[in-house]
Amino acid sequence: MGIKGFVEGGIASVIAGCSTHPLDLIKVRMQLQGETQVHNLNSTFSNNQASINAPRTLPQPSRVGPIATAVKLVQQEGVAALFSGVSATVLRQTLYSTTRMGLYDIFKTKWSDPNSGGNLSLTRKIAAGLIAGGIGAAVGNPADLAMVRMQADGRLPPAQRRNYKSVIDAIRTMAKDEGVISLWRGSSLTVNRAMLVTASQLASYDQFKEMILEKGIMRDGLGTHVTASFGAGFVAAVASNPVDVIKTRVMNMKVEPGAASPYSGALDCALKTIHAEGPMALYKGFIPTICRQGPFTVVLFVTLEQVRKLLKDF
């Protein structure tokens with residue numbers, strides 16, 4: 001489909017991203033809960049390795065659910081705060097999702113088996129998703145980084161906030177203060193997450209849709225698209241949430257000049273998070289992730305199917 005696949009995927013992704021942005025923001029805030037306890041472990045990890053083996057001495061971080069997180073956010077920052085960083089979401093979807101959707105469509109076309117009605121095997125769908133997601137994430141990482149920071153800014157004390165005016169201001173400021181390379185901070189996590197999300201989301205949507213149509217459960221229409229979308233959203237959320245938590249924390253960390261970074265990398269962040277908060281901390285924000293992935297995936301694929309119909313003659 002060439003360029004048309006990128007256009008279709010881009011339009012659907014921007015609409016889906018903007019419509020579910022508040023849920024994504026709540027997810028980010030929940031994923032950062034308890035991070036204070038993790039930061040307090042830095043000196044412990046570096047100066048007293050033996051104390052790491054005594055988790056019972058650590059205070060248990062409080063956990064706040066998605067509704068309470070949303071209410072607190074609105075009370076403290078106002079309703080408009082639910083759309084903090086939405087400009088970064090638009091840019092992220094334009095760069096990341098447009099790339100991954102377009103590439104996935106190209107791979108599907110090139111790798112399809114004419115003998116099976118043009119369908120792709122599940123293995124090839126997953127491979128196409130992994131490659132397309134990885135490339136898309138590398139392209140969109142600066143916008144992803146800006147989005148995480150803008151979404152998380154309101155939870156900081158006023159004196160510590162970054163106060164980016166827009167996604168462009170965020171990217172320009174990060175490049176100036178932290179170096180251009182900093183725009184790809186957490187990129188390994190972003191790429192890994194995107195590979196998992198794209199492979200699970202796009203491949204499972206196609207697989208669910210084909211199964212529904214082949215078994216004659218429903219016709220090719222809105223009902224099939226919604227059902228396949230919800231299934232794909234659930235699979236993507238389960239697969240990506242642990243990587244998403246670590247990605248959020250690494251991207252949001254503040255690196256003070258002359259001071260050690262809170263995390264030396266993804267593995268260090270994962271170990272400190274698990275030690276301070278337990279293994280299930282990697283599924284923080286899972287409920288809003290599901291609540292976002294479901295509607296996001298439905299809006300994404302329903303919009304995509306409609307856009308395809310409108311542009312089929314072009």
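The legends below describe close-up views of a predicted model. Local features require pLDDT of at least 70 and side-chain atom pairs pLDDT 80 or more, whereas totals for chains, interfaces and linings use all residues. Residues are numbered from 1 along each chain as its sequence is written, and side-chain values use heavy atoms, with hydrogens and water left out.

**View A. Nonpolar surface patch.**
Leu122, Ile126, Leu130, Ile131, Ile135 and Val139 form a nonpolar patch on the surface, together offering about 430 Å² of accessible area. Patch members have over 30% relative accessible area and no salt bridge; nonpolar side chains (Val, Leu, Ile, Met, Phe, Trp, Tyr) are joined within 5 Å, and like charges within 9 Å. Areas come from the Shrake-Rupley method with a 1.4 Å probe, and for residues only the protein chains shown count as cover. Isoleucine 131 belongs to helix α7 (residues 122–152); helices are DSSP runs of H or I with at least four residues, numbered from the N terminus. Isoleucine 131 has a relative accessible area of 37% and is therefore partly exposed, a class between buried (under 20%) and exposed (over 50%), assessed with a 1.4 Å probe and protein chains only.

**View B. Surroundings of threonine 99.**
Threonine 99 is part of helix α6 (residues 86–111). Its relative accessible area is 16%, so threonine 99 is buried. Beyond neighbours within four places in sequence, threonine 99 is in contact with Phe6, Ile135, Gly136 and Val139, contact meaning heavy atoms within 4.5 Å. The C-alpha atoms of threonine 99 and glycine 140 are 8.7 Å apart, although 41 residues separate the two along the chain.

**View C. Largest nonpolar core.**
The largest nonpolar core has 17 residues, of which Tyr104, Leu300 and Phe301 touch the most other members. Such a core is a set of buried Ala, Val, Leu, Ile, Met, Phe, Trp, Tyr and Cys residues joined through side-chain atoms within 4.5 Å. Helices α1 (3–19), α6, α7, α9 (187–214), α10 (222–252) and α12 (286–311) each supply at least two residues of this core. Apart from this core lies another, of 13 residues, including Ala146, Val148, Val167 and Ala170. Not counting residues up to four places away in sequence, leucine 300 touches Ala12, Ser13, Ala16, Arg100, Met101 and Gln201.

**View D. Serine 200 in helix α9.**
With a relative accessible area of 10%, serine 200 is buried. A polar atom of the serine 200 side chain lies 2.5 Å from the backbone oxygen of leucine 196. For the backbone oxygen of valine 197, the distance to a polar atom of this side chain is 3.2 Å. Outside four places in sequence, serine 200 is in contact with Tyr205, Ala232, Val235, Ala236 and Ala239.

**View E. Buried salt bridges.**
A salt bridge is a side-chain nitrogen of Lys or Arg within 4 Å of a carboxyl oxygen of Asp or Glu, and by this rule the count is 19. Aspartate 24 and lysine 27 form one, with closest N and O atoms 2.8 Å apart; both residues are buried. Lysine 247 and aspartate 244 meet in another, at 3.8 Å from N to O, and are likewise both buried. These four residues are linked with Arg92, Asp144, Arg193 and Arg292 in a network of salt bridges.

**View F. Salt bridge between arginine 249 and glutamate 277.**
The N to O distance is 2.6 Å. Arginine 249 in helix α10 and glutamate 277 in helix α11 (residues 266–277) are 28 residues apart, and the pair links distant parts of the chain. Arginine 249 counts as buried because its relative accessibility is 0%; glutamate 277, at 5%, also counts as buried.

Methods:
A polar contact is a pair of N or O atoms within 3.5 Å; within protein, one must be able to donate a hydrogen and the other to accept it, and residues adjacent in sequence count only if both atoms are side-chain atoms.
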